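Notebook open, structure loaded. I'm jotting down what I look up as I go.

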Amino acid sequence: MIDKSSSKTGGDGCGCDQEPELMRRMAVTLDSDQFLQGIERKLAADRCHECTELEACKVWLDITAIRGAVHPPKFCRNADLFEEISNDAANSSF
């Protein structure tokens, strides 16, 4: 039996050893991708790997591809981080 809590190799093809596509799409959608770096990016990826709202995330991202978005959805495990990045970027643009 494989202990999935300590392994991120994901034998089910989930790509868990890589950055989650949904996290990358969320960061791009919220114009946060360039600001999400280093350990923050790694921690965000880890939180995304643990998400239980993947289908809701996909739907939200598909809708925002058409309508746009400024804030992440409340169910996002990285919502606070994306809000913080957005606020920091807005404050430093002057």
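What pattern does the protein follow, read along the sequence? I get α-α-α-α. That fits the element count, four helices and zero strands, where helices (H or I, at least four residues) and strands (E, at least two) are DSSP runs, numbered from the N terminus.

Ground rules for myself: this is a predicted model, where local features need pLDDT of at least 70, side-chain atom pairs count only at pLDDT 80 or more, and totals for chains, interfaces and linings use all residues. Residues are numbered from 1 along each chain as its sequence is written, and side-chain values use heavy atoms, with hydrogens and water left out.

**Confidence.** I looked up pLDDT, the predictor's confidence in each residue, from 0 to 100. The protein has a mean of 82, and 80% of its residues reach 70 or more. Over residues 1-15 the value stays under 50, and there the model has seven contacts beyond four places in sequence (contact means heavy atoms within 4.5 Å).

**Burial and core.** I find 28% of the 94 residues buried (buried is under 20% relative accessible area, exposed over 50%, partly exposed in between, with a 1.4 Å probe and protein chains only). Next I pulled up the largest nonpolar core, a set of buried Ala, Val, Leu, Ile, Met, Phe, Trp, Tyr and Cys residues joined through side-chain atoms within 4.5 Å. It has 17 residues, and Met 23, Met 26, Leu 36, Leu 61 and Phe 82 touch the most other members. Helices H1 (21-29), H2 (38-49), H3 (54-67) and H4 (79-91) each give two or more residues to this core.

I then checked Met 23: leaving aside neighbours within four places in sequence, its contacts include Leu 36, Ala 44, Cys 48 and Phe 82.

**H1 against H3.** How far apart are the axes of H1 and H3? They are 11 Å apart, and the helices pack at an angle of about 35°. I note that axes are lines fitted to C-alpha atoms, for helices over the stretch in contact, and angles run from 0 to 180 degrees between N-to-C directions. On the H1 side I see Leu 22, Arg 25, Met 26 and Thr 29; they meet H3 residues, among them Leu 54, Trp 60 and Leu 61.

**Ala 89.** Last lookup: Ala 89 lies in helix H4. Is Ala 89 partly exposed or buried? Partly exposed, because its relative accessible area is 22%. Its C-alpha atom is separated by 8.1 Å from that of Phe 35, 54 residues apart along the chain.
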